[in-house]
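Trainee: I would like to learn how to read the ligand site, the chain contact and the core of a model. Please show me the structure first.

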Amino acid sequence: MSTRLSRGGRLIDRSKPMNFTFNGKRLRGFAGDTLASALLGADQMLVGRSFKYHRPRGIVASGVEEPNALLGLGRGARFEPDQRATTTELFEGADTASQNHWPSLDFDVGVVNNWAYRFLPAGFYYKTFMFPRVAWKHLFEPVIRRSAGLGRAPVDRDGDRYEQAYAFCDVLVAGGGVAGLAAALQAARAGKRVMVLEQTPHWGGRAPVDGGTIDGKPVADWIKSAVQDLERMSNVTLRNRCMVAGVHDHGHVIGYERVADHTPGDGRPRHRLWRIRAGEIISATGAIERPLAFAGNDVPGVMLASAVRDYVVNFAVSPGDRTVIVTNNDDAYRTAFALIDAGLIVAAIVDARPSATGDLVQKARARGIRVLEGRGIAKVKGTKRVTGVQICAQAGEGAALEDIACDCVAMSGGWSPVVHLWSHCGGKLIWDEARACFRPDATRPPTGDQGQPMVRAVGAANGALTLPEVLADAGGPAADAPAEGPIAAVWVMPQGAPDALRFKAFLDYQNDVKVSDVQLAAREGYTSVEHTKRYTTLGMATDQGKLSNINGLAVLSDALGQPIPATGTTTFRPPYEPISFGAIAGEARGEIFQPLRRTPMHDWHASQGAHWEPVGLWRRPYCYLRTGEGLQDAVRREIRNTRNAVGLLDASTLGKILVKGPDAGRFLDMMYTNMMSTLPVGKCRYGLMCNENGFLMDDGVVVRLSEDSWLCHTTSGGADRIHAHMEDWLQCEWWDWKVYTANLTEQFAQVAVVGPNARKLLEKLGGMDVSKEALPFMTWAEGTLGGVRARVFRISFSGELSYEIAVPASEGMAFWTRFLEAGADLGVMPYGTEALHVMRAEKGFIMIGDETDGTVIPQDLGLGWAISKKKADYIGKRAQERSHMASPDRWQLVGLETLDGSVLPDGVHAAAPGHNANGQRNVQGRVTSTYFSPTLNKGIAMGLVHRGPARMGEVLDFPVGADKVVQARIVDPVFYDKEGEKGNV
Amino acid sequence: MAQRRYSLFAVAREAMRFHSGWERAWTSPEPKKRYDVIVVGAGGHGLATAYYLGKNHGIRNIAVIEKGWLGGGNTGRNTTIIRSNYLQDPSAALYEKARALYEDLSQDLNYNVMFSPRGLLMLAQTEHEVRGYKRTVHANTLQGVETEWIDAKRVKDLVPIINIDGPRYPVLGALYQARGGTARHDAVAWGYARACSAMGMDIIQQCEVTGIRTANGRVQGIDTTKGAIDCGKLAIVVAGHSSVLAEMAGFRLPIESMALQALVSEPIKPCMDVVVMANTVHGYMSQSDKGEMVIGGGTDGFNNYTQRGSWQHIEETVRALIETFPMISRLKMLRQWGGIVDMTGDRSPILSTTPVENIFVNCGWGTGGFKAIPGSGWAMADLVARGQPGPLAADFGLNRFREGRFIDESVAAGVAH
Ligand SMILES: Cc1cc2nc3c(=O)[nH]c(=O)nc-3n(C[C@H](O)[C@H](O)[C@H](O)COP(=O)(O)OP(=O)(O)OC[C@H]3O[C@@H](n4cnc5c(N)ncnc54)[C@H](O)[C@@H]3O)c2cc1C
């Protein structure tokens, strides 16, 4: 039986009872309880089933290291699997359920695995399930998948929100135990900006349970005053319920604050993720007690000695009436006192050490507790609950000396410093023989940006395991506690345990890894600690080996006959304890999952039935749907209207990068394949930009604004990338050139006015001479158009008479409206990106991303004319001179027309006779863009074809799927207005 | 050395005696004075190279030299996705060869590598991607790689937990390879290692190569932390450390090394039976047999060797996946890690002769070489044995950089206006 005691409990508030359910059963706890203490208080020791053998499992620990008590918590949009009962605070109405069993926790068919345990040792699946071949996917794997996994998968969208925040400090203290508080006080008094993060809701850590005095006061009092002192200092921030999840390079610390897990639905964000830059990190993260490996050490009722004491002292919960304590060190004796003080029975203390003599041992004897020296537990009796233990000589092979009846076993295999934060960024460890633990090696710390030590471990996290040591290590005041005798490095009980016992002695509870598994791994040559881990899955459960790793590698070292440090540890990876994906994502979800960029006319588009297409972070209207129209109808209408009357395109998304300075011309000559330095002021030039490998990466119209400034238009999706590309060259290669760049994309709204009525429309707005003579093709002018300051570029991407007009973004919407009003009788109508695409294809203009894909050079696209022959160099020039690039055998741009006028499917390839050496069909080209042209009333396409331009008129076969072939003829890529008369008006 | 076969019966027999009779999966010998071939790097590619040298070419006097523990590089750190839906012919040929070998690898190695052709989807979330993936399907058809274009509804049927109509990037369809999937990464390395050992090859772990000895433009041997070893031929298969080894031999490689990260959630019951890659938002996810959601994202934008990556990538990846699979928001990240990936200028691997006679390199697998291990080993063995590339490796030589004959898979690098 586990039950609530009638008195005591330093963390619970008996005046505030709270109701909750477990597997539908209504239970009661108190404010201040964790789910685990509340369950234990309600006599619920059995809380789950293990991963592999589905063995019944109970609560083992009282903190983050808990491997068994993982529950499903909440319902619907607040359901969460795998929630640790030991670190989750109880709240009114909490709805909890155990996991990994069917049909029920008490009766789980999966337990057949347990009866077959002998057939399922570590790695058995690597040796079996190979025949017949198809059986793995269709039979074995589905069965394994179903029996593995822990909690149910959530179904609903998360009902909570999450927040992220930044912070900066000189010293970040991880852990609010006595070491952390002492270190924080010291740093704060030295004037440093200090942040102290503590993962639990309480300050002081273990010390109030373990006792002693600091600075002459009982620890609880010292903690209280230390916290008060810190709270009073303006240079200190204290945050509890906030765990340091990871230490990353350059002092970047991730804090995970569980803001509202204990008050769900109160409107606050559930979690807050802190990204902290810290000058120095103090790891005061304490230590975690290790279990001992003996047969049946996983039967519910076997717990860590420290946890037993925590439940009694903190929560007034008795894990059992009659407890046997088993230990290899003095600390566990404290558990005996806590139990007896609470009026419970300690049946015996089984001490593996041949002789135990420390202060605490003496005291135990003095209080009449039965202490058995040199003894171990041969096996635990009971299945769903401990009923007793069989005692044996630790030095022997497990012959039973005596049975002791009990319903709880409190075990202690010693303590392991929490070295995770020390190790995340490469801090090294040393093996401390005397204390039987790995602790930080102060001579090999993780280092910061200047090579300086970045993390300092203090207190138990640094291997200082007694209160006086802890305070001394953390720079705190003197402390006093009973002197402790030395620990014995005992891992397995009894020392000579035979197979039958080792096959039941668990190291990793959740993953069901036993002593025998690690020994098997060693026997089979998986001798590196990483191999053992992966072969046996030791330490890969949700506690990430917090309980099992050291014991496992001690067993491995023993099997290999080598000292523990020679075996070494596995790598400590963030996060210290699992953190929610919700917190990692923060507020960025749904509409604002990525920043949404809107042009000044965005809302208008939405109101006019825009069918959106994402382009980079922008959304652009693909077309504007009118009632009753399909997408295709709308696109065709927009094209016809633009070709016959006048269309408006919101071109604000086009990248606009200002390049300015005495060396700007020289710089642009390197950026573009064209000569930009000689472009006269007032003129526009279509420019191509290649990467170092010579491939075309962007295109756009470059405008000479003045003697020392150019405006470079880029593709909508490319603006940021191209700006970064420019800066990369300027900052890394040509840092001494006098050039400045500014991305002005969002400073301007840009409207393309396109079609035979375009000039008339501009003239109606009035204010500028936009005649053929005053503003010829590829020139621009500045002025006031319709009362708005504007730059008018005479450029065209459709072949029609066309102007692109840039106005200040703030005037964009008003300007757009003016066009609509003035153009009503000229047939003005907006068009979207798809109409833009079709019209440019009709005219044979290439589109970056369609005709190019990172493998295409300008020469392939018949754009040789845009490559200056006069320049000594430009980015990509040298690459384009390589033999394959200069070869006439490349695939080159052509137009394609199906013989029957149909539209070629997207992305089809032209087959060539025969197969290549790898048995693949030979190919000789592919379609890059393909559309139905409403203007020509037939399908048109562009493609890249082997020596294409020299093969005009040839018919190619385009296989579609396995048995269909579409035939198309190679034609000139300019389908519409070949002479260019439309624009030349 | 005769090795006992693994089977259900063997396990049953051993169960009777508490598994005390299992022998070592691979031996742990001291290096000999000389080998016909030394393979540096006991990752998947190195081990597979040795295996196929033995199996296909009868060369067995081989040492595989590993500075750490075998399989401990990227082979043991990746997200185990296997697919062959590549665009360019040479890539499709190589990756499809690998995928096809994976189908029978467990039987071939007598080690269950858990190849699980559970199906793989690459989501199209922009019109541009739709066109790109349709193009891939057409290319794959001609290449003999089975892929298909599926619409959003079919995507939803295959992946019930997916959100196909998110407000920003609704799913428009997907490129689907029904026989793409995953395998158990460690088992691939272990299975090859065991099979190599059974052929009498020496796998020498904890032995770092510190120098390469050449004379008259020809390899003589290597220096290691366990002493000097001579060799007839040398295969350098060390992924992120390729440039370091090349420098020892006196030549340079067009490789950059960067951190790529991955992470897993806590295990939950099966909820997704396929692999989903979402390239627009940039993240991918599958569910391991243990129940963990296995997640990967992008590489860091700078070079390093620390096997740790920048945190912001974790955030970006997780955001992308919550958008795609809203139900994961309440799962927790269990573990994150990084590996150093070897990136070439065209993001395709190098299988090549080198300026030094009898030295061969296999590297540049970057973010995606797990899927290639059997095919790469096959082609590399051929290259090493014959001294010149066969058809699978022919296009992946170092000379392609000089000639500009790239095998660029980065179709998604383009953008729409
Ligand atoms: C996070 C992540 C996710 C990935 N996801 C996928 C995926 O889903 N699908 C996919 O196909 N690929 C994926 N990859 C890529 C894949 O892991 C690699 O391409 C592949 O494993 C490379 O194998 P390898 O044998 O070449 O290299 P490695 O496995 O890295 O082996 C190289 C070996 O060389 C050894 N070595 C180095 N220097 C020396 C020396 N001087 N002397 C001796 N030995 C040396 C190293 O210790 C190492 O063991 C991913 C990679 C990472 C990092």
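The dialogue below takes these topics in turn.

Mentor: This is a predicted model, in which local features need pLDDT of at least 70, side-chain atom pairs count only at pLDDT 80 or more, and totals for chains, interfaces and linings use all residues. Residues are numbered from 1 along each chain as its sequence is written, while chains are lettered from A and ligands numbered from 1 in the order in which they are written.

Trainee: Which residues come nearest to the ligand?

Mentor: A residue is near a molecule if its C-beta atom, placed from the backbone, lies within 6 Å of it. Here 39 residues surround the ligand, and G41(B), G43(B), G73(B), G339(B) and G369(B) come nearest.

Trainee: How many residues does each chain bring to the contact?

Mentor: Two residues are in contact if their C-beta atoms, placed from the backbone, lie within 7 Å. Chain A gives 103 residues and chain B gives 90 residues.

Trainee: What does V64(B) touch?

Mentor: In soluble globular proteins, nonpolar side chains tend to be buried together. A nonpolar core is a set of buried Ala, Val, Leu, Ile, Met, Phe, Trp, Tyr and Cys residues joined through C-beta atoms within 7 Å; buried means 20 or more other C-beta atoms within 10 Å of the residue's own, with C-beta atoms placed from the backbone. The largest nonpolar core has 437 residues, and V753(A) and V64(B) have the most contacts inside it. Beyond its neighbours within four places in sequence, V64(B) is in contact with residues including V39(B), A42(B), L47(B) and I203(B).

Trainee: Which residue is the bridge partner of S580(A) in β16(B)?

Mentor: Strands are DSSP runs (E, at least two residues), numbered from the N terminus, and two strands pair if DSSP finds at least two bridges between them. Strand β34 (residues 579-580) of chain A pairs with β16(B) in the antiparallel sense over two bridges, and the partner of S580(A) is K332(B).

Technical notes. Helix = DSSP H or I, 4+ residues; strand = E, 2+ residues; numbered from the N terminus. Buried ≥ 20, exposed ≤ 12 C-beta atoms within 10 Å, placed from the backbone.
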